[in-house]
Amino acid sequence: MRKFLIFAALLLPLSAGAQEFAARTSAGADVKLKKGLHLGVEEEIRIDDGLSGLDNLRTTLDLSWKVNKHLKFRGGYTLINPWKTSSDYTGFRSPRHRLFADGTYTWRTGDFQLSAKERLQLTHRTDEDLNVYQTTPNALALKSRIGVKYKGLDNWEPFMYLEARAALNDPWGEVSGSIQYTNSGKAYYAYTHTGYTHAYINRYRMNLGTDWSPAKHHSFTFNLLADYCSDYKIDTNGQDKWASKGVRLFADTTGWEDTFRVSLCLGYTYKF
């Protein structure tokens, strides 16, 4: 317990500068099918910014294969159920379907384990009112991560990971003509959507935490995620009533949007 309290105190300065604060908790199982081959299942609850309520539920099923002591491959599927609250509806709506595949290479030097990981993921959105001019229906992302874990303690394994995520197919387009204004004074340009060709790094993450294994079959993870996101937001009228008169790109609400979020996370895994 003393080690955990010291660890928690070290994490507090990381969250001090966050614009937004959220939380995540998960429970899962790891089933050994044969040597090197494992089946995993996990249910995760994500709490919205400011701990204001439920954000979404995520159910993941994956299969991993450890080729040797250094190399491991993993692939799986995640069902994302966002929680929606509006004047006429409250509940789960517009689920997202995610496929992912990753490879991890690890090596040991003394009491430290170093790792490098690459993940490719595809997320399909099912929103009926999705504005395809500003949101990708089938978003591709590449995550690149390096990390270090200390394995010199009995049941505790502190770790730190650094990750960059690249959006590979965000929407893009071209404006034409001079700036115009709506009746309410909102500035816009005529806009032509040219495809999903915008690729850029849109998130940097630091993951600082520890794994704790008090018994053979039980494992806990305590960690803080610090996310710096820089997304290029496109604001168009999309398929609304104005689209019949041409698509408009609203100048004042299109551009880079930066956020810094810290999430407190607690996870549990039972190993069969």
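**A colleague's note on this predicted model**

1. A word of caution to begin with: residues 3-8 have a pLDDT under 50 throughout, and the model gives them seven contacts beyond four places in sequence. Here pLDDT is the predictor's confidence in each residue, on a scale from 0 to 100, and contact means heavy atoms within 4.5 Å. Where pLDDT is low, the predicted coordinates should not be read in detail. For the protein as a whole, the average pLDDT is 90, and 90% of the residues score at least 70.

2. Some ground rules will help you follow along. This is a predicted model, in which local features need pLDDT of at least 70 and side-chain atom pairs count only at pLDDT 80 or more, while totals for chains, interfaces and linings use all residues. Residues are numbered from 1 along each chain as its sequence is written, and side-chain values use heavy atoms, with hydrogens and water left out.

3. Now to the strands. Strands (E, at least two residues) are DSSP runs numbered from the N terminus, and two of them pair if DSSP finds at least two bridges between them. Strand β10 (residues 187-215) and strand β11 (residues 218-233) run antiparallel and are joined by eleven bridges. They form a hairpin, with two residues between them.

4. Follow β11 onward and you meet β13 (residues 255-271), antiparallel to β11 and joined to it by 16 bridges. Two pairs to look up are K233, which stands opposite G255 in β13, and D231, whose bridge partner in β13 is E257. Strand β13 also pairs with β1 (residues 20-34): these two run parallel, with eleven bridges, and D30 stands opposite K271.

5. R203 deserves a visit. This residue sits in β10, and its bridge partner in β11 is C229. Is R203 buried or exposed? R203 counts as buried because its relative accessible area is 7%, where buried means under 20%, exposed over 50% and partly exposed in between (1.4 Å probe, protein chains only). The side chains of R203 and E163 make a polar contact of 2.7 Å. Such a contact is a pair of N or O atoms within 3.5 Å; within protein, one must be able to donate a hydrogen and the other to accept it, and residues adjacent in sequence count only if both atoms are side-chain atoms. Beyond four places in sequence, R203 also has contacts that include K143, A164 and D227.

6. E163 turns up again beside R145, a residue of strand β8 (residues 138-150). Leaving out neighbours within four places in sequence, R145 is in contact with S115, A116, K117, Y161, L162 and E163. The C-alpha atoms of R145 and S115 are 8.1 Å apart, although 30 residues separate the two in sequence.

7. Next, look at E44 in strand β2 (residues 37-47). E44 is buried because its relative accessibility is 11%. Its side chain joins that of R46 through a polar contact of 3.3 Å. Contacts farther than four places along the chain include R24, T25 and L57, and 8.3 Å separates the C-alpha atoms of E44 and T60, which are 16 residues apart along the chain.

8. Finally, where is T136 found? T136 lies in the loop between β7 (112-125) and β8. At 6% relative accessibility, T136 counts as buried. A polar atom of its side chain is 3.0 Å from the backbone oxygen of N169. Not counting residues up to four places away in sequence, T136 touches R125, N169, D170, P171 and Y196.

Notes: Helix = DSSP H or I, 4+ residues; strand = E, 2+ residues; numbered from the N terminus.
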